[in-house]
Amino acid sequence: MDLHLQHTVTQAEVDDPGADLHNTVTADSTESAPDTDSHNIPVTQNVALHVDKSSTTATITTAGQVVPYTFLVTNVGNVTLSGITVSDPNCDAAPAYQSGDTNLDDQLQTTETWTYTCNHTVTQAEIDAATGFNPQLQNTVTADSTESGPDTDSHDIPIIYNPALQVVKSSTTTTITGAGQVVPYTFVVTSIGNVTLSGITVSDPNCTTALSYVS
């Protein structure tokens, strides 16, 4: 006589470390003593998470610009994960959990994706360092859990490198009336780009004395 039954594997059975799916059948009759048989099936655990980093900012244009980042942490294995951490050295403050823990048990289920966010404020040093071909604001997020190894994701945003200056020349003299008249000139030099400028020089062949920095 053949009998067939099914067992639906539970998440708790998969989460149990090193455990086999173990069960024992007992057969008996009115006349005989019972007989038992056990059958063990190894449980293959796949412990893994995945983090994806994104931003709504498409380009970096100026120091002080606030860049928002979003991090999606997904359980891509078959084991429930706990102790989730998300870190990014470029965040102004630690990434903050927003949503995703649907059953509010503080464990990342195999059906869940958790959302974290943070902001990064662009520094002048980052703009100034963005020389060369295709400069980028680069940073990497790391997500981890108690059970899994860490996962990382990088997101690069192009930096618009725009060094530029403007000089405006003026004088308090409105008319020339005679030879020997001394005409004072003022030159205002302004950085109108987004990059710190150095080695500033100002020259004017009509000046009869050396140009001097005032303020």
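Two strands count as paired if DSSP finds at least two bridges between them. The model examined in these exercises is a predicted one.

**Exercise 1. Pairing of β4 and β9**

Determine how many bridges join strand β4 to strand β9, in which sense the two strands run, and which residues stand opposite V66 and V67.

Solution. Begin with the extents of the strands: β4 covers residues 66-75 and β9 covers residues 113-121. Nine bridges join these two strands, and they run antiparallel. At the start of the register, V66 stands opposite T121 in β9, and the bridge partner of V67 is H120, likewise in β9.

**Exercise 2. The order of the sheet**

Work out in which order the strands of the open four-stranded sheet follow one another, and why one side of β3 and of β7 is left without a neighbour.

Solution. The order of the four strands is β3-β4-β9-β7, and their pairing is antiparallel. Strands β3 (49-55) and β7 (96-99) stand at the edges and have a single partner strand each, so one side of each of them has no neighbour in the sheet. From one strand to the next, the twist averages 30 degrees. As general background, the strands of a sheet pair through backbone hydrogen bonds, in either a parallel or an antiparallel manner.

**Exercise 3. Around Y97**

Identify the bridge partner of Y97 in β9, and then state how far the C-alpha atoms of L72 and of C118 lie from that of Y97.

Solution. First, β7 and β9 pair in the antiparallel sense over three bridges, and the bridge partner of Y97 in β9 is Y116. Next, consider L72, which lies in strand β4: its C-alpha atom is 9.9 Å from that of Y97, although the two residues are 25 apart in sequence. Then turn to C118, found in strand β9, for which the C-alpha separation from Y97 is 9.3 Å, with their positions 21 residues apart along the chain. As to accessibility, L72 counts as partly exposed because its relative accessibility is 32%, whereas C118, with a relative accessible area of 6%, is buried.

**Exercise 4. The hairpin and its alternating strand**

Establish how β10 and β11 are connected and paired, and decide which side chains of β11 are buried and which are not.

Solution. A hairpin of six connecting residues leads from β10 to β11. Eight bridges join β10 (residues 136-144) to β11, the two running antiparallel, and Q136 stands opposite P158 in β11. Along β11 (residues 151-158) the side chains alternate: D151, D153, H155 and I157 point to one face and are buried, while T152, S154, D156 and P158 point to the other face and are not buried.

**Exercise 5. The nonpolar core**

Find how many residues the largest nonpolar core has, and which strand supplies the largest share of them.

Solution. The largest nonpolar core has 24 residues, and those with the most contacts inside it are I60, F71, V73, I84 and L137. Strands β3, β4, β9 and β10 each supply at least two residues of this core, and the largest share, four residues, comes from β4.

**Exercise 6. Two salt bridges**

The structure holds two salt bridges; for each, name the residues, and decide whether each partner is buried or partly exposed.

Solution. In one of them, the side chains of D88 and K53 meet at 2.7 Å, N to O. This pair links distant parts of the chain, since D88 lies in the loop between β6 (85-87) and β7 while K53 lies in strand β3, 35 residues apart. Buried means under 20% relative accessible area; D88, at 7%, therefore counts as buried, and K53, at 3%, is buried as well. In the other, K169 and D204 have their closest N and O atoms 2.5 Å apart. Here K169 is in strand β12 (residues 165-170) and D204 in the segment after β13, again 35 residues apart. K169, at 43% relative accessibility, counts as partly exposed, whereas D204, with a relative accessible area of 15%, is buried.

**Exercise 7. A nonpolar surface patch**

State which residues form the nonpolar patch on the surface, and where L211 is found.

Solution. The patch is formed by L165, V167, V189, I200, V202 and L211, which together have about 460 Å² of accessible area. L211 is found in the segment after β13 (186-191), and its 34% relative accessibility makes it partly exposed.

Terms used
Residues numbered from 1 in each chain as written. Predicted model: local features only at pLDDT ≥ 70, side-chain atom pairs only at ≥ 80, totals over all residues. Heavy atoms only, no water. Axes fitted to C-alpha atoms, helices over the stretch in contact; angles between N-to-C directions. Patch = residues over 30% accessible without salt bridge, like charges linked within 9 Å, V, L, I, M, F, W, Y side chains within 5 Å. Areas by Shrake-Rupley, 256 points an atom, 1.4 Å probe, with all protein chains shown as cover. Salt bridge = Lys/Arg side-chain N within 4 Å of Asp/Glu carboxyl O. Buried < 20%, exposed > 50% of the residue type's maximum accessible area, 1.4 Å probe, protein only. Core = buried A, V, L, I, M, F, W, Y, C linked by side-chain atoms within 4.5 Å.
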